[in-house]
Amino acid sequence: MELYKLTAHELKKLICEKEVKAEEVVQSYLNRINNIDEKVGAYLCVSSEEALNKAKELDKKIEKGEKLGGLSGIPIAIKDNISVKSMQNTCASKMLQGYKSPYDAHVIEKIKNEQGIVIGKVNLDEFAMGSSTENSALKVTRNPWDLERVPGGSSGGSAVAVASNEAPLALGTDTGGSVRQPSSFCGVVGLKPTYGRVSRYGAVAFGSTLDQIGPIARDVEDCALLTQHIAGLDKKDFTTANIEVPNYKESLKTDLRGKKIGIPKEFFQEGLNDEVRNAIKESINVLKENGAQVEECSLPLAEYALSAYYIISSAEASSNLARFDGIRYGYRTSNPKDAVDIYVKSRNEGFGKEVKRRIMLGTYVLSAGYYDAYYKKALKVRNLIKKDFENVFKQFDAILSPTSPTTAFKIGEKTDDVLSMYLSDIYTVPVNVVGVPAISIPCGMSQGLPIGLQIIGNYFKEDVLFNIAYSYEQSTKWHTMTPKL
């Protein structure tokens, strides 16, 4: 039995029942990483020794009959912009190469408290800015279904690690779809929780009012398991909500009677690939068969979400990345002439093209004379879009859409067409703009590439998303398909 092929909940059961040792599980994944990561390039660093030591410690506790945590012995890959004590946290940027975090992010503390094992840090678009993981300054990550295609982004490394069986679970961050879009491209399950459901403490900020840490897993049950153990109030993050976290396992039911699902007509217009459209239509039929009531709805202002998002996120990125100046934090240029030279050259040499593009745009929209015309107006539009969603959720329990308008595109295909790249987030961005939760699950294949179905829920209704996603998953086979590597 190849342990790396099992889901997290299957592994947890085997470990707790003493059928396998946690050390065996970790070693199985380390062997898998050693054998195939050269092909896919998911990992930036692997914590082999520490992961094995943690597993051995856990095995001793199990032998003594000590109480076990909810993630006992499960290896977890972490996006390299989430702080893990004594491990690198590069954000896939030259600016932070060599930096090791002196503390754990809140989500990492919670994982360690539940005896989960951090197995390594994985690749991303630099500072989480991108939709393909092509903006990493450190390495190329490839889609395991087709090595000539992108894995999506910015949490491309996290999605690839799970899809390639290099980790049963992973954490990513989602600012405009960065957990869901790569999950769609790689055929795995990814959740963007409600803004405030999971602490952002210890995640390097991109867009502070948009960012959310989220889990990536092979199936809905695994996704619910990891969400259960990272969600909740954090006194170090004032944006987390003091709202009780329900038992998500109780939501994993196939019966959808009484659930009303809306299909926004605006999400099914021009630009949507025909095979993706057909896969979503078939998904709707499955949900109807499982008891859900499905009707058309309207989100008339959703088309403006992408414009509002790029103004707001760039403004916040400009502010958040100002600290990396070569003096206080980050890479410093060699042989500068004076202080101004340090600032200019360090930032020019330390940041990549996409990060510089967003800093410049953000600085522009926040500058005197342009603040009211752009940033302030984007905030007003954001509020109007939020009201659209609130109105729809008065009638519906969830909203259904594609996760991405297409399947994974080829590496290099969109690097010179920035607008086309940005449009790949057209269905995911509105979720971050308004702060609601959404999950992406596999719902079909097109020419050997996965298609993702996005289910959007009301605030703090992750349990409803898990119910609908689990019902669909149990009626289909898409989540059982794996790439041949």
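Let's start at a ring with a charge on top: the charged end of Lys236 sits over the ring of Tyr201, 5.1 Å from its centre. Keep in mind that this is a predicted model. You'll find another such arrangement at Trp478, where the charged end of Lys477 sits over the ring, 3.9 Å from its centre.

While we're on rings, have a look at how they meet one another. The structure holds 13 aromatic pairs. Take Tyr309 and Tyr310: their ring centres are 4.8 Å apart and the planes stand at 85 degrees, so this pair is edge-to-face, given that angles over 60 degrees count that way. Both Tyr309 and Tyr310 are buried. Elsewhere, Phe127, Phe324 and Phe351 come together in one aromatic cluster.

Now over to the strands, with S2 as our anchor. Strand S2 covers residues 75-79, and 5 of its 5 residues are buried. Follow the side chains along S2 and you'll see Pro75, Ala77 and Lys79 pointing one way, with Ile76 and Ile78 pointing the other way. Lys79 is buried along with the rest of them.

What does S2 pair with? One partner is strand S3 (residues 117-122), which runs parallel to S2 and is joined to it by 5 bridges. Strand S4 (residues 169-173) also runs parallel to S2, joined by 3 bridges. Ala77 is a handy place to see both pairings: its bridge partner in S3 is Gly120, while in S4 its partner is Ala170.

Finally, trace the chain between S2 and S3. Helix H4 (residues 106-113) belongs to this stretch, and S2, H4 and S3 together make a right-handed β-α-β unit.

Notes. Residues are numbered from 1 along each chain as its sequence is written. This is a predicted model: local features need pLDDT of at least 70, side-chain atom pairs count only at pLDDT 80 or more; totals for chains, interfaces and linings use all residues. Side-chain values use heavy atoms; hydrogens and water are left out. Buried means under 20% relative accessible area, exposed over 50%, partly exposed in between (1.4 Å probe, protein chains only). Helices (H or I, at least four residues) and strands (E, at least two) are DSSP runs, numbered from the N terminus. Two strands pair if DSSP finds at least two bridges between them. A crossover is right-handed if, with the strands pointing away from the viewer, the path from the first strand over the helix to the second runs clockwise. Rings of Phe, Tyr and Trp (its six-membered ring) pair if their centres lie within 6.5 Å; planes under 30 degrees apart count as stacked, over 60 as edge-to-face and the rest as tilted. A charge sits over a ring if NZ of Lys or CZ of Arg is within 6 Å of the ring centre and within 35 degrees of the ring normal.
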